[in-house]
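Here is a friendly walk through one protein model, written for someone who likes to think in contacts, ring geometries and strand pairings. Have the viewer open as you read.

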Amino acid sequence: MTDSVRLAKHLADLLNCSRKEAGQYIEGGWVRVDGQTIEEPGYRVEPQRKVELAPGARQEDVGPVTFLFHKPAGGLIDDTAESVGHLLSPDARAPDERPGSRFLKKHLVSLRMVTPLETEASGLVVFTQEYGIVRKLVDEAKHLEQEYVVEVAGELIPEGLALLKHGLSWQGKPLAPIKVSWQSETRLRFALKTPPLGLIAYMCKEVGLEVVSMKRIRIGRLPMAGLPLAQWRYRLGYERF
């Protein structure tokens, strides 16, 4: 039986480089074994297998990333490895503006969903590995405005729109002023600082309305724009929440 070795060791010997440098090539998706891309430095290879470096290979650390995902209504999502791997698969990637950017397995490690939505809601959801994004969307959430389009049914009580803007309470405390306006005869636009789950439906019920559908279209300064349903893209370096 032929002994196998770790891919990082094999590649380091092959290229006459350090194992750290070999690991950077591997985790960067630049190494193929018998024609298949392998991203795990600990992958075991036998001497007879063909190990090669892809054209244009670079030695660089794989930095943290942030995913923007268009959640469908009715989809229950979390940040478990199984859920993330299913939602953020390469097949679900939307076209973005990062020419040459490549999907890597390491991008799915230690992802955190920092902007949950109600199961029945759709819209923009953020998964991130970046500490600065977690700080912005979680630690500073009370300062960050989000925008929703809400389709409603029912009959608005007198002065109901004014109450939605200011005058309602939540869990025994008065709500701060909120931007609310009609977008059509059945659609309301809400712009408010990171609402707790269930707040918008509660507010609508208090003024005689029932939520038919709800979509989050913006978080801070970052709109969902043309991101297709059930697809994702990387946050671009210049984009800020």
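What follows covers the nonpolar cores, the aromatic residues and the strand pairings of this model, which is a predicted one.

**The nonpolar cores**

A good place to begin is the largest nonpolar core, which has 36 residues. Within this core, the residues that touch the most other members are Phe67, Leu88, Phe127 and Phe190. Several elements supply at least two residues each: the helices are H3 (81–87) and H6 (199–206), and the strands are S6 (66–71), S8 (122–128), S9 (145–154), S13 (187–193), S14 (209–219) and S16 (232–234). The largest share comes from H6, with four residues. A second core, separate from this one, has 15 residues, among them Cys17, Ala22, Ile26 and Val31. As general background, nonpolar side chains tend to be buried together in soluble globular proteins.

**Phe67 and its aromatic company**

Phe67 deserves a closer look. At 0% relative accessibility, Phe67 counts as buried. Beyond its neighbours within four places in sequence, its contacts include Leu88, Leu108, Leu111, Val125, Val126 and Phe127. Phe67 also contacts His107 and Arg233, as well as the aromatic residues Phe103, Trp232 and Tyr234. Phe67, Phe103, Trp232 and Tyr234 together form one aromatic cluster.

The aromatic pairs in the model come to five. Two that involve Trp232 are set out here.

| Pair | Distance between ring centres | Angle between planes | Geometry |
|---|---|---|---|
| Phe67 and Trp232 | 4.9 Å | 75° | edge-to-face |
| Phe103 and Trp232 | 5.7 Å | 45° | tilted |

Why does the pair of Phe67 and Trp232 tie together parts that are far apart in sequence? Phe67 lies in strand S6 and Trp232 in strand S16, so the parts joined are 165 residues apart in sequence. Trp232, too, counts as buried, at 0% relative accessibility. The pair of Phe103 and Trp232 also links distant parts of the chain, 129 residues apart. Here Phe103 sits in the loop between H3 and strand S7 (112–113), while Trp232 is in strand S16.

One more ring to look at is that of Trp30. Arg102 lies over its face, at 3.8 Å from the ring centre.

**A three-stranded open sheet**

Now turn to the strands. One open sheet is formed by three strands in the order S3-S2-S5, with antiparallel pairing. Strand S3 (36–37) and strand S5 (51–53) each have a single partner strand and stand at the edges, so one side of each is left without a neighbour in the sheet. Strand S2 (residues 31–33) pairs with S5 over three bridges. Val31 has Leu53 in S5 as its bridge partner, and Val31 is also one of the residues in the second core. Helix H1 (residues 7–15) packs on this sheet, where it touches S2 and S5. The direction of H1 makes about 65° with that of S5.

**Pairings around S13**

Which strands pair with S13 in the antiparallel sense? S9 does so over seven bridges, and strand S12 (residues 179–182) does so over four bridges. Between S9 and S13, Glu145 stands opposite Lys193. Between S12 and S13, Lys179 has Ala191 as its bridge partner. A hairpin through four residues joins S12 to S13. S9 and S13 also bring us back to the start, as each supplies at least two residues of the largest nonpolar core.

Conventions. Residues numbered from 1 in each chain as written. Predicted model: local features only at pLDDT ≥ 70, side-chain atom pairs only at ≥ 80, totals over all residues. Heavy atoms only, no water. Core = buried A, V, L, I, M, F, W, Y, C linked by side-chain atoms within 4.5 Å. Buried < 20%, exposed > 50% of the residue type's maximum accessible area, 1.4 Å probe, protein only. Contact = heavy atoms within 4.5 Å. Pairing = 2+ DSSP bridges. Axes fitted to C-alpha atoms, helices over the stretch in contact; angles between N-to-C directions. Phe/Tyr/Trp six-rings, centres within 6.5 Å; stacked < 30°, edge-to-face > 60°. Lys NZ or Arg CZ within 6 Å of the ring centre and 35° of its normal.
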